[in-house]
Amino acid sequence: GTAAATGAAAARRRTRAGAMTAPDRGRWIRNFHPAPTARTRLVCFPHAGGSASYFFPLSAALAPEFDVHVVQYPGRQDRYKEPFVEDIDHLADAVFSALEPLTEAPVALFGHSMGAVLAFEVARRMERLTGRPPVLVFASGSRAPSRYGDEREEKDDQGLIEVMRELGGTDPRVLNDRDMLSTFLPAFRNDYRALQQYHRGAEVGISAPIVVMTATDDAKTSLDDARAWHEHTSGGGDVHAFEGGHFYLEKQPQRVIAVITTALRAAQD
């Protein structure tokens, strides 16, 4: 019955995951500062429109105590010729397949904005398909999964530019330069649309603790929407509030590093 179907689905997923070759995995995962003796791996998931290089400074700061890996989505930077993945579930399936070999050691996940939702979905797959949940999930700059799904309005280019302007994090010179925008806008449009289609009920959860990190002045995420992440875990977790808008990570890097380091050390112990 249902159990057999679930088992068969899991087996199919494992077959797909096992079929991903090392070069394929290399396209998906960046390890800027290898730390092979670290006790914990931290996998980072970029924001909508973002790319792996965004986490280069964080990787440098956390190495060599932690082995930081960063997901590179298709359609940007060195993968710009590859088609975008148009929905969160398919993206999570592909990322999980790439990450599965890394999950034999303790793994924590850090996602910012769209990356938080993706980290949550990958954590669900880790728990369900490998029996090895992450030791910790950091949900940064994002509403809880149950708080998505209320925005289904299709935006034109100008509307998307205004969203980017409201969120901050993009150089204003880029937003005013059509040629430069043509490089950044397609990825943001794809990811923004994927997020608009995403929603999970509060009954969908994981067992790993969730550390919520959010800005009190984030234009897109209220403190209440951020705290609701704890409805999606049986493992508890803390809430850390910052100032600095949606991309508070760039405004308070030392405090961000301190929060991550403290939480990872506690998880290891």
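**Briefing: cores, a pocket and two helices**

Let's start with a pocket: three helices, α3 (56-62), α10 (248-251) and α11 (253-268), each contribute at least two residues to the lining of the second largest pocket. The model you are looking at is predicted. Its chain holds 11 helices and seven strands, and 50% of its 269 residues count as buried. Among contacts between residues at least 6 apart in sequence, 80% join residues at least 24 apart.

**The second largest pocket**

- This pocket encloses about 190 Å³ of space.
- Its lining is made up of Y54, F55, P57, L58, L249, E250, P253, Q254, V256 and I257.
- Sorted by class, that lining comprises eight nonpolar residues, one polar and one charged.
- Helix α11 gives the most to the lining, with four residues.

**Helix α11**

- With 16 residues, α11 reaches 22 Å from its first C-alpha to its last, which is close to the 22 Å expected at 1.5 Å a residue.
- Buried residues in this helix are V256, I257, V259, I260, T261, A263 and L264.
- Two of these, V256 and I257, also belong to the lining of the second largest pocket.
- As a reminder, an α-helix has 3.6 residues a turn, so residues three or four places apart point the same way.

**The nonpolar cores**

- The largest nonpolar core has 53 residues, and F45, V95 and L109 are the ones that touch the most other members.
- Elements giving two or more residues to this core include the strands β2 (41-45), β4 (107-112), β5 (136-140) and β6 (210-215), and the helices α4 (88-99), α5 (114-129), α6 and α8 (178-196) are likewise on that list.
- Helix α5 gives the most to this core, with 10 residues.
- Setting aside neighbours within four places in sequence, L109 is in contact with L42, V43, F45, A119, V122, A123, M126, P134, L136, V137 and F138.
- Another core, of 25 residues, lies apart from the largest one, and its members include V70, V211, Y248 and L249.
- One of those members, L249, is also found in the lining of the second largest pocket.

**Helix α6 and what follows**

- Helix α6 spans residues 157-167, and its buried residues are G159, L160, I161, V163, M164 and L167.
- Right after α6 comes G168, whose phi is positive, near 75°.
- Helix α6 is also among the elements that give two or more residues to the largest nonpolar core.

How values were computed: Residues are numbered from 1 along each chain as its sequence is written. This is a predicted model: local features need pLDDT of at least 70, side-chain atom pairs count only at pLDDT 80 or more; totals for chains, interfaces and linings use all residues. Side-chain values use heavy atoms; hydrogens and water are left out. Buried means under 20% relative accessible area, exposed over 50%, partly exposed in between (1.4 Å probe, protein chains only). On a 1 Å grid over the protein atoms alone, a cavity is a set of points where a 1.4 Å probe fits but cannot get out, and a pocket is an open set with protein on both sides within 12 Å along at least five of seven lines; lining residues have an atom within 4 Å of a point. Grid points are joined across faces, edges and corners, and a volume is the space filled by probe spheres set on the points. Ala, Val, Leu, Ile, Met, Phe, Trp, Tyr, Cys and Pro count as nonpolar, Asp, Glu, Lys and Arg as charged, and the others, Gly among them, as polar. A nonpolar core is a set of buried Ala, Val, Leu, Ile, Met, Phe, Trp, Tyr and Cys residues joined through side-chain atoms within 4.5 Å. Contact means heavy atoms within 4.5 Å. The expected span of a helix is 1.5 Å times one less than its number of residues.
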